[in-house]
Amino acid sequence: MESFNLQQLTSDMNINWTPVFAATVCGTGALILFWKWRNNQKIQKKILNARRRRDKSLQRAEQAVQQFKIQNPDFESSSIVSLSLSELTGKLQDGSLQPDAVLHAYMEKALEVNKNLNCSTEILMESVEQLTEINTQSKKGLLYGVPISIKDNVGYKGHDSSCGVVGNLDQPAVMDSVVVTVLKKQGAIPFIKTNIPQGLLSYECSNPIYGQTLNPCNLKKTPGGSSGGEGALIRGGGSILGIGTDIGGSIRIPAAFCGICGFKPTSKRLSGQEISSCVKGQKSVLSSIGPLARDVESVALFMQALLCQDMFTLDPNVPPIPFNQKVYESSEPLRIGYYENDGFQQPSPSMARAFRETKALLESAGHTLVPFPPLRLYEVFFEFAFKGVMADGGRTLYSHLKSGPIDSCLRDQAALLRIPGFIKKLLSVVLKPVSPRLSVSLKAGVGVGSIAELWRQHVNIEEYIDEVIAEWRRLNVDVLLCPMLGPAYNLHYSGRIISTYLTFTLLLSLFICLVNHCATSHVSLLLAFNSLIITS
């Protein structure tokens with residue numbers, strides 16, 4: 001009996017496991033595919049909802065404009081949007097123009113520009129409600145009644161700051177950013193949010209949520225990034241003043257590509273509270289908030305409006321240094337440092353010509369031009385600036401990108417971010433004889449290997465800043481004149497070229513804090529010289 005049971009048990013164990021294994025594999029595969037399908041459906045739903053919100057806001061804005069036209073038959077928007085900021089503020093202050101007329105004029109123009117350029121992520125219909133508050137205020141604010149545009153990542157209560165990535169959708173800001181709060185206190189009316197590249201670290205302007213923004217000067221060109229929506233809207237006439245952010249040229253590049261004026265202040269000169277980023281936490285190269293506008297005077301007025309007690313009270317991290325109008329209006333000759341070629345890349349022929357013409361104009365105006373080539377550019381750009389931004393090997397940035405579909409403009413960049421660090425090191429060695437710059441870019445893209453290495457890098461950056469300050473003082477210069485990227489690149493081209501094109505802008509972001517040490521009184525004068533190159 002026991003023998004029979006043992007034989008029976010042995011017989012029962014001789015099961016054909018092949019179908020079981022196949023069924024398990026197929027079932028697991030089906031579950032994985034189902035999970036991916038569900039996840040993709042959720043992503044597509046988020047994107048669709050974001051687009052619907054934008055479309056709804058555009059429709060509501062169009063209805064508001066039409067209703068205002070019916071109530072005001074003599075309303076003519078073209079005569080309002082053609083005014084300079086100084087003319088506009090003057091008319092608003094003396095009462096010859098009312099804030100509601102100005103807002104609806106710019107809303108109408110922004111809608112028209114957006115149809116051609118796709119530069120908006122949402123119209124802020126709270127701006128119409130803000131008119132009631134404006135009418136009860138005195139006209140003491142420097143920007144009383146002025147409609148302004150704000151970049152997508154600038155916090156505005158009740159609205160997403162997407163940075164062009166799906167993971168940031170459906171997370172509306174719980175409060176206004178400090179810069180928006182102060183601008184409102186100065187009487188400004190934020191009325192539109194503008195488009196950006198996915199992840200912000202690009203000088204394209206496209207993302208899978210809101211699509212591609214076009215350059216108003218040439219629809220086959222990019223407006224630049226990451227404040228590309230601002231550049232396109234302002235140059236197209238749909239905004240008179242806007243807020244951008246800049247870590248490696250994100251204000252300066254759109255200004256150059258669109259032919260307007262932009263200003264990157266020293267980091268922390270304006271509050272960065274409630275400003276979103278996809279690399280928040282890295283401290284090697286700090287970001288700045290700054291203005292874009294049609295002319296230098298408008299940019300200066302923006303800085304004057306924000307550098308006030310409200311800013312210093314709301315964010316104690318901001319140094320309480322008000323705008324120095326006396327220095328801005330000074331006509332005393334300056335000592336101006338300059339370099340036409342940074343020793344790493346040549347400016348384009350048109351930029352080189354604009355640079356030389358600007359230099360000649362400054363010399364003829366009585367200013368002294370002093371050669372000031374960048375110090376240790378090759379080492380500093382890769383080891384400090386680029387490696388600093390990618391200190392974690394790009395993992396934080398890639399975690400944001402992979403939360404949804406990756407824009408076609410960023411596929412090459414995303415592919416590099418996906419490569420494991422040890423393979424990047426291997427490729428760096430293999431490519432060194434063939435392409436030294438790509439080799440060193442890959443090596444820097446690995447990031448830092450330890451906390452101790454990160455601390456050493458921060459020390460090296462501090463020592464480099466001290467070195468630049470010492471040279472600045474030795475030459476006794478007031479400002480620095482240098483070339484810029486431009487003219488605007490063809491659509492999608494920016495995503496195919498490596499970061500070494502950013503030496504004109506990213507390097508300056510690394511040591512821009514020297515302005516506070518050496519030339520605080522002359523910071524506003526940088527505006528005029530930068531704009532001469534931008535508009536040439």
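How many helices and strands does the protein chain have? In this predicted model, the protein chain has 22 helices and 11 strands. Its radius of gyration is 27 Å, close to the 24 Å that the globule rule gives for 536 residues, so the protein chain is as compact as a globular protein of that length.

**Overall dimensions and contacts**

- The C-alpha trace of the protein chain spans about 110 × 65 × 45 Å along its principal axes.
- Buried residues make up 54% of the 536 residues of the protein chain.
- Of the contacts between residues at least 6 apart in sequence, 79% join residues at least 24 apart.

**Helix α7 and its surroundings**

- Helix α7 covers residues 178-185, and its buried residues are V178, V179, V180, V182 and L183.
- These buried residues pack against four strands, β2 (147-151), β3 (189-194), β6 (241-246) and β8 (288-293), and against the helices α10 (296-306) and α11 (309-314).
- G187, just after α7, has a positive phi of about 95°.

**Packing of α14 and α19**

- Helix α14 (residues 377-389) packs on helix α19 (residues 451-475) at an angle of about 125°, and their axes are 11 Å apart.
- Because angles from 115 to 145 degrees fall among the oblique ones, α14 is oblique to α19.
- The crossing of the α14 and α19 helices is left-handed.
- On the α14 side the contact is made by V380, E383, F384, K387 and G388, and on the α19 side by E453, Q457, N460, I461 and Y464.
- By class, the residues of this contact of α14 with α19 comprise 4 nonpolar, 3 polar and 3 charged.

Methods. Residues are numbered from 1 along each chain as its sequence is written. This is a predicted model: local features need pLDDT of at least 70, side-chain atom pairs count only at pLDDT 80 or more; totals for chains, interfaces and linings use all residues. Side-chain values use heavy atoms; hydrogens and water are left out. Buried means under 20% relative accessible area, exposed over 50%, partly exposed in between (1.4 Å probe, protein chains only). Helices (H or I, at least four residues) and strands (E, at least two) are DSSP runs, numbered from the N terminus. Contact means heavy atoms within 4.5 Å. Axes are lines fitted to C-alpha atoms, for helices over the stretch in contact, and angles run from 0 to 180 degrees between N-to-C directions. Angles under 35 degrees count as roughly parallel, over 145 as roughly antiparallel, 65 to 115 as roughly perpendicular and the rest as oblique. A crossing is left-handed if the near helix is turned anticlockwise from the far one by less than a right angle, and right-handed if clockwise. Ala, Val, Leu, Ile, Met, Phe, Trp, Tyr, Cys and Pro count as nonpolar, Asp, Glu, Lys and Arg as charged, and the others, Gly among them, as polar. The radius of gyration is taken over C-alpha atoms; the globule rule is 2.2 Å times the number of residues to the power 0.38.
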